[in-house]
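User: I would like a close look at a single part of this structure, in one connected answer. Please give the cut-off behind each term when you use it.

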Amino acid sequence: MLAQIALRLLLAPVGFVCGLLAGFATLAAISASALGDVALFPDEVALLGMDFAVGAWTMAFLFAPLVGAPAMVAVVIGEMFAIRTWTYYAVVGALTAALPWALLPSGVDGPLFQPVEVLACGFVGGLVHWLVAGRSAGVIEPEPAPPTQTPH
């Protein structure tokens with residue numbers, strides 16, 4: 001029992017970090033797909049890659065606490081109640097990704113990303129967390145359903 005708790009204490013944060021990285025990778029892929037054909041200008045592409053790297057680190061440090069707090073609450077709920085469905089983690093991932101985006105001040109000239117893109121990143125992050133840690137959530141195995149008896 002103690003070994004299971006220790007494993008869960010290690011596996012849940014690893015799943016969170018993997019999900020966060022997958023969400024940021026999805027965001028980078030979506031952003032890169034919107035660039036169009038830039039193969040003609042290799043110098044600009046190199047500079048753009050540097051901008052993406054700096055942007056990813058900035059987003060990680062700024063948005064990780066905003067995404068992290070509700071995501072950690074959702075992970076704790078999933079662990080406490082042994083929720084093992086992929087839909088729970090995907091929906092919660094999408095909602096926690098949308099939280100920082102929804103909190104942008106109204107003075108910003110426009111959203112950096114569309115709502116669908118933000119939800120897709122959270123969805124992917126939630127699925128990755130489920131693959132790493134959510135499938136085996138909870139310390140105690142849920143009790144199997146009692147067998148149904150057929151009348152003779």
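Analyst: Phenylalanine 123 is a suitable place to begin, and it is partly exposed, with a relative accessible area of 33%; here buried means under 20% relative accessible area, exposed means over 50%, and partly exposed is in between, with a 1.4 Å probe and protein chains only. The model is a predicted one, in which local features need pLDDT of at least 70 and side-chain atom pairs count only at pLDDT 80 or more, while totals for chains, interfaces and linings use all residues. Residues are numbered from 1 along each chain as its sequence is written, and side-chain values use heavy atoms, with hydrogens and water left out.

The structure holds two aromatic pairs, where rings of Phe, Tyr and Trp (its six-membered ring) pair if their centres lie within 6.5 Å, with planes under 30 degrees apart counted as stacked, over 60 as edge-to-face and the rest as tilted. One of these pairs joins phenylalanine 123 to tryptophan 86, and because the ring centres are 6.4 Å apart with the planes at 90 degrees, the arrangement is edge-to-face. This pair links distant parts of the chain, since tryptophan 86 belongs to helix 3 and phenylalanine 123 to helix 4, 37 residues apart; helices (H or I, at least four residues) and strands (E, at least two) are DSSP runs, numbered from the N terminus. Tryptophan 86 is itself partly exposed, at a relative accessible area of 43%. Tyrosine 88 and tyrosine 89 also form an aromatic pair, again edge-to-face, with 5.0 Å from centre to centre and 85 degrees between the planes. Both of these tyrosines fall on the buried side of the cut-off, tyrosine 88 at 18% relative accessibility and tyrosine 89 at 5%.

Helix 3 itself covers residues 86-102, which is 17 residues, and spans 24 Å from first C-alpha to last, close to the 24 Å expected at 1.5 Å a residue, where the expectation is 1.5 Å times one less than the number of residues. Its buried residues include Tyr88, Tyr89, Val92, Thr96 and Pro100. An α-helix has 3.6 residues a turn, so residues three or four places apart point the same way.

Threonine 96 sits in helix 3 and is buried, at 9% relative accessibility. Its side chain reaches the backbone oxygen of glycine 93 at 3.1 Å, which is a polar contact, that is, a pair of N or O atoms within 3.5 Å in which, within protein, one must be able to donate a hydrogen and the other to accept it, residues adjacent in sequence counting only if both atoms are side-chain atoms. Apart from neighbours within four places in sequence, threonine 96 is in contact (heavy atoms within 4.5 Å) with Val67, Pro70 and Ala71.

Tyrosine 89 leads back to helix 4 (residues 115-132), where histidine 129 is found. Among the residues that histidine 129 touches, once those up to four places away in sequence are set aside, are Tyr89, Val75, Phe16 and Gly134, and histidine 129 counts as buried at 5% relative accessibility.

As for the setting, the protein chain has four helices and zero strands, and buried residues make up 27% of its 152 residues. Of the contacts in the chain with a separation of 6 or more, 83% involve residues 24 or more positions apart.
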